[in-house]
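Here are a few notes from my read-through, for you to check against the coordinates. I've kept them short and numbered.

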Amino acid sequence: GNNAHTFMSIFNINAMPEDSFNLDAQIETTDNGVLLERFLLVTSENEQFKLGGYLSDNPGSRDTAVGVPSNGKPLYRTLQKLVPGIEVPDLPYDLSGHVQVQRENIQLHEDKVGFSDLELILAGSVSLRDHFVDTSLDFRVDGRDLSTLKEVPGLRSSLNAFVPGQSYHAAGRFYMASSGWGLNNIKGRIGDTDIVVCGQISKQPDWSGSYVDFSIKGTVLHTFLVNQKAADLSIGAFESNGRLKFAGDTLSFEGFSFETDKTSGKADLEFGWPINSTVDADFNVELWGNDIRHLLPRSEVFEPAMASYRMSAVGHQRDKLISFKHFDAVIGDIQVALEGKVDENIEITFSAKSDNLSTLGVLNGNPLPAMALNLKTDFAGGARHFTLHNISGSLGETDVSGNMEVLFEKPRPKINLTAKSRLLDLRPFLNEFGNDDKKIEVPNKERLIPATPLPLKALKAADIELMYNADE
């Protein structure tokens, strides 16, 4: 014949292309349908449709039961006949399985669909009720390369985050209910990373009432996700879990936690929903680990020591403005706290306390002095100009109060500092000249300034104007 679609519509099969065809069949008619003992249709495009079983004439094709092995090139064209407007890649495909039409549902018996390197197996019941309510399908998906799924419309951008070449697998149950659709105990794997997902997507506006629980566990994060800097994320094992929840005008991550070989953490996050170009979020985040160095920016001046850390932050972000109700951190021997707001300009109250600065690291190749630090100040400004107001603190036996202004508008930073002290103790910084407890004697005809070179290189780093008063 000249038109496979027109011919097969006689049997209530409307998925055939409008191509010329050859048919080899043995058919037996019955009172209520057609028995297909042999049925092989090949189109001019070499698509093959093989049927075997019973095609019923009952209303809704009830009692139809057929095997449906077929294969061909234009998957998109074939499915468009069944579901107009569906978006699928136009790739060669294979289809096999057994379909049974009952009074209220269609039963699938290990039906298999393959295209590209993907293989999908379905088994279960497709309900014929409105909106497919009570549909329940067990499925299994396997493939050799996750990146090949970028040819599926809607998946392209979401797969860019994954390292290409990873195999993938997923299995579980999909169901339709009157309130929405859901995924039950979906267990999958991408490369060496295990993923477990379950949840329900509501039919209410903006998915209100929907939730998704997830768990992810892998061996090497950098073989799972692309474009991650070694200094920012773990290069070893990682694990994460939590709940994604939609409620009215909010999207929240509840009980989100993660663990890597460098950093562990937990967080509760709440975003305005639907999400738009303006970020509106509340956060409660806690991080901890055994080595703070991978979280700190690299510096030629300061080399931090290896130190354990624990940080917690509670606040709100609105677009570029971040407001901290509180931020607390314990890093080795130093305790840090702040509150205030951060955007292009910063306004925060900052405090730091340490019993021994020498444990923090090395400055300009020299260890920091073994002194206690207690500091509190108000910080205001931006990246190129900021001030420290109401400085109040102590370093060892030296106390200090005052204000400082820092400008980065010239090749060298400019620092203006006005400060005063009741006691200025220089002994910890004078080890170059001998024991601090011994009086330094200078003979009459000797130099007043010792020949020992002074450590003045640091002064070349900035232009400093200092007004300092000390009682002693």
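1. How many bridges join β22 to strand β23, and which way do the two run? Nine bridges link β22 with β23 (residues 346-354), and the pair is antiparallel. Keep in mind that this is a predicted model.

2. The connection from β22 to β23 is a hairpin, with three residues joining the two strands. If you want a spot to look at, try V342, which stands opposite I346 in β23.

3. On to the partnership between β21 and β22. Strand β21 covers residues 321-331 and strand β22 covers residues 334-342; eight bridges hold this antiparallel pairing. To find the register, start at D328, whose bridge partner in β22 is A337.

4. These two strands also make a hairpin: two residues lie between β21 and β22. Have a look at G332 in that turn, as its phi is positive, about 60°.

5. A general reminder for anyone following side chains here: along a regular strand they alternate between the two faces of the sheet.

6. Now for the empty space. With the cut-off at 30 Å³ or more, the count is one cavity. The largest cavity has a volume of about 30 Å³.

7. Which residues line the largest cavity? The lining is made up of L146, S147, K150, L159, F162, V163 and P164. By class, that lining splits into five nonpolar residues, one polar and one charged. K150 is the charged one, and S147 is the polar one.

Methods. Residues are numbered from 1 along each chain as its sequence is written. This is a predicted model: local features need pLDDT of at least 70, side-chain atom pairs count only at pLDDT 80 or more; totals for chains, interfaces and linings use all residues. Side-chain values use heavy atoms; hydrogens and water are left out. On a 1 Å grid over the protein atoms alone, a cavity is a set of points where a 1.4 Å probe fits but cannot get out, and a pocket is an open set with protein on both sides within 12 Å along at least five of seven lines; lining residues have an atom within 4 Å of a point. Grid points are joined across faces, edges and corners, and a volume is the space filled by probe spheres set on the points. Two strands pair if DSSP finds at least two bridges between them. Helices (H or I, at least four residues) and strands (E, at least two) are DSSP runs, numbered from the N terminus.
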